[in-house]
Every structure is written in C-alpha cells, then in structure tokens.
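Trainee: Could you take me through one part of this structure slowly? I'd like a close look at a single strand and what sits around it.

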Amino acid sequence: AITKNPAGVTTIVSNAAASGKVYKINSLIAAGIGNTTGVTVEIFDKATATGAANTVSLASTIAVPTFSSVVIIGKDNAIYLEEDRSLGVYCQPLAGSINVVVAYEVIS
C-alpha cells in the first residue's frame with residue numbers, strides 16, 4: 001500500500017472481522033518525498049480506523065529526512081495483525097509528502 005501526504009489517518013492494511021486470517025506484517029518503510037516531515041503508525045482496534053476507541057502506536061511522529069527512508073517495521077520486529085484490526089498511517093499535514101510501502105503475508 002502506498003500513501004502520499006494523506007489528510008488524517010490512511011488505512012494501509014486491514015484485516016476484516018471473522019476473516020479467519022492473521023496478517024504478518026514483515027516490513028513498513030516510509031520515504032520522505034520533498035520536505036522533511038513526520039509519520040505516525042498505529043494499530044487500530046477496528047478493521048476501519050474510523051471511530052477506533054483504542055490504538056497502539058508503533059511509531060509516533062518519526063522524522064523522515066528529505067529524500068530518505070525510514071524502516072518502521074522490519075523482519076527483525078515483524079508484527080501480527082489479528083482479525084478486526086487495521087494498520088494506519090498519519091502524516092503531518094502541510095509538512096511535505098511521504099510514501100509508505102508495506103509488505104505482509106496472509107496466514108489462514
């Protein structure tokens with residue numbers, strides 16, 4: 001999934017309720033395009049981030065240098081996304097653009 005300077009939270013991976021699957025998130029990389037900006041990555045307690053009551057931050061306002069990338073999740077710290085959970089990204093508005101790429105496996 002790729003996102004560029006989203007307004008609010010952009011869901012990049014979503015595991016539906018009662019899917020019977022778990023998603024192993026192997027990597028998540030944020031690349032700064034243009035100005036330096038920040039990125040926040042969170043796990044939401046619902047498959048859609050809207051109205052999510054509880055979140056767990058994996059990265060909070062991480063600075064992404066101009067024309068560089070930051071590995072937020074890698075093989076050495078992979079996470080599992082259970083049913084009815086989503087992974088969302090929030091970028092600081094008006095502070096540049098960020099591309100986010102995530103690689104994951106679906107386990108059933």
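Mentor: Going along the sequence, the protein chain reads β-β-β-β-β-β-β-β, so the tally is 0 helices and 8 strands (DSSP runs numbered from the N terminus; helices are H or I with at least four residues, strands are E with at least two). Keep in mind that this is a predicted model: local features need pLDDT of at least 70, side-chain atom pairs count only at pLDDT 80 or more, and totals for chains, interfaces and linings use all residues. Residues are numbered from 1 along each chain as its sequence is written, and side-chain values use heavy atoms, with hydrogens and water left out.

Let's pick strand S2, residues 22-33. S2 gives 4 residues, the largest share, to the largest nonpolar core. Such a core is a set of buried Ala, Val, Leu, Ile, Met, Phe, Trp, Tyr and Cys residues joined through side-chain atoms within 4.5 Å. This one has 19 residues, and Ile25 and Leu28 are among those with the most contacts inside it. Buried here means under 20% relative accessible area, exposed means over 50%, and partly exposed is in between (1.4 Å probe, protein chains only).

Start with isoleucine 25. Contact means heavy atoms within 4.5 Å; leaving out neighbours within four places in sequence, isoleucine 25 is in contact with Val13, Ile73, Ala78, Ile79, Leu87, Val102, Ala103 and Tyr104.

Next comes asparagine 26, also in strand S2. Asparagine 26 counts as buried, because its relative accessibility is 8%. Its side chain has a polar contact of 2.9 Å with that of glutamate 105. That term covers a pair of N or O atoms within 3.5 Å; within protein, one must be able to donate a hydrogen and the other to accept it, and residues adjacent in sequence count only if both atoms are side-chain atoms. Not counting residues up to four places away in sequence, asparagine 26 also touches residues including Ile73, Gly74, Lys75 and Ala78.

Now for the rings. Aromatic rings of Phe, Tyr and Trp (its six-membered ring) pair if their centres lie within 6.5 Å; planes under 30 degrees apart count as stacked, over 60 as edge-to-face and the rest as tilted. The count comes to 1 aromatic pair: tyrosine 23 with tyrosine 104, stacked at 5.3 Å centre to centre and 10° between the planes. Tyrosine 23 is in strand S2 and tyrosine 104 in strand S8, 81 residues apart. Tyrosine 23 is buried at 13% relative accessible area, whereas tyrosine 104 is partly exposed at 41%.
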